[in-house]
Amino acid sequence: MELLDVGRIVLGVILLVGGGELLVRGASSLAVRAGMSSLVVGLTVVAAATSAPELAVTTGAVLDGETALAIGNVVGSNIANVLLILGISALAAPLVVRRVLVRMDVPVLVGLSLLTLVLALDGEIGRGDGVVLLVLLVAHAAVAIVVSRRDPIVAGEQPAAEDSSGPGVLVSVALVVIGVGLLVLGARVLVAGAVSIATGLGVSGLVVGLTVVAVGTSLPELATSVIATIRGERDLAVGNIVGSCIFNLGMVLGLPALLAPGGLAVPAAAVALDLPLMIATAVALAPVVFTGYRVGRREGGLFLLLYAAYVGYVVLDATSHDALEGFTTIMVIFVLPLVVLALVGAVAYDLGRRKERRLAARAQPSD
């Protein structure tokens, strides 16, 4: 049985990579033909498509009464999106962040994350809370599209001119549909194998959702963002990550809250630790993109280190391992302060570089 589960994981990864490649090709072509920026396509169409596995898993978990797994999947996926996926993508190539992402989308992500914690303080995400999250999601998507269409300069780039040499509209749509299908199928196969292995170890639904299921359902974002980065579509890569986080909170959490008769019960452990950490990851992204409008390899490495520390803590805590106390002490006293100092240093360095460029530009004689 374990060999079968490993085979499912391998097959799932293959399907995810193939689906990500097709989705990026189709979405990029549609962006060119529609005159939309790659960033907006990443924030809306691609973000919704790559979040389809999270929506399927969360909805299925709610219908099966596994609300803890559903909450863990959403929260864990957002943490993985920022720290793991953005970190790997930045290591593949430094990511340039458009100003519209700084001005609107990162603050929206931080605000939605804070709102989710506030809504969960009473121990549940009710149907009314779900309506609020869905309305905010629709409003954000509408504003992003309108801003891109009416004022492309605000979006940081002009709309791309139509390229007749690229695939046609029908072919592009087919690529998107097939890509989404492969992503969903790959995620389901991978999660089935991973959950079987994890549950065999006797861990809770919340922990499975925060780790195994969260990473499994976030692999479409990973595949899509890394492939987009390699192909030079870095706006689409960053927009996909931020947009997926927003979509997870608005749709993946909001819709199941409407479907569940009594809303979604939120475990106390998630309110005490995981939701605040989700907010912290969104906040950690803000100073990086607000300074140099880029996510470099230094920041990517720091994000990966933070994610490894988070997963290590969750696993040790779930298994009540003897090393938990020592691990916590080392993280609090040594590792986290060093990470914070490194992050602050990276931000200060980027600010200094920007100041030097401004001074150099002013010093240049005008024609």
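**Core, pocket and a helix**

Q: In this predicted model, how many residues does the largest nonpolar core have, and which helix gives the most to it?
A: Let's start with the core itself: it has 73 residues, and those with the most contacts inside it are Ile125, Leu264, Val266 and Leu275. In soluble globular proteins, nonpolar side chains tend to be buried together. As for the helix that gives the most to this core, with 13 residues, that's helix 4 (residues 67-92).

Q: Which residues does leucine 275 touch, leaving out those up to four places away in sequence?
A: Leu275 is one of the residues with the most contacts inside the core. Skip its neighbours up to four places along the sequence, and its contacts are Val75, Thr116, Leu117, Ala120, Val266 and Ala270.

Q: Which helix gives the largest share of the lining of the second largest pocket?
A: This pocket has a volume of about 220 Å³. Its lining divides into 6 nonpolar, 1 polar and 3 charged residues, among them Asp64, Glu66 and Arg188. Two elements give two or more residues to that lining, helix 7 (169-200) and helix 3 (52-63). The largest share, 4 residues, comes from helix 3.

Q: How far apart are the end C-alpha atoms of helix 12, and what span should its residues give?
A: Helix 12 covers residues 297-318, which is 22 residues. At 1.5 Å a residue they should span 32 Å, and the distance between the end C-alpha atoms agrees, because it is 32 Å.

Q: Which residue just after helix 12 takes a positive phi?
A: Within helix 12, the buried residues include Phe303, Tyr307 and Tyr310. Just past this helix, a phi of about 50 degrees turns up, and the residue that takes it is serine 320.

Definitions and conventions
Residues are numbered from 1 along each chain as its sequence is written. This is a predicted model: local features need pLDDT of at least 70, side-chain atom pairs count only at pLDDT 80 or more; totals for chains, interfaces and linings use all residues. Side-chain values use heavy atoms; hydrogens and water are left out. A nonpolar core is a set of buried Ala, Val, Leu, Ile, Met, Phe, Trp, Tyr and Cys residues joined through side-chain atoms within 4.5 Å. Buried means under 20% relative accessible area, exposed over 50%, partly exposed in between (1.4 Å probe, protein chains only). Contact means heavy atoms within 4.5 Å. On a 1 Å grid over the protein atoms alone, a cavity is a set of points where a 1.4 Å probe fits but cannot get out, and a pocket is an open set with protein on both sides within 12 Å along at least five of seven lines; lining residues have an atom within 4 Å of a point. Grid points are joined across faces, edges and corners, and a volume is the space filled by probe spheres set on the points. Ala, Val, Leu, Ile, Met, Phe, Trp, Tyr, Cys and Pro count as nonpolar, Asp, Glu, Lys and Arg as charged, and the others, Gly among them, as polar. The expected span of a helix is 1.5 Å times one less than its number of residues.
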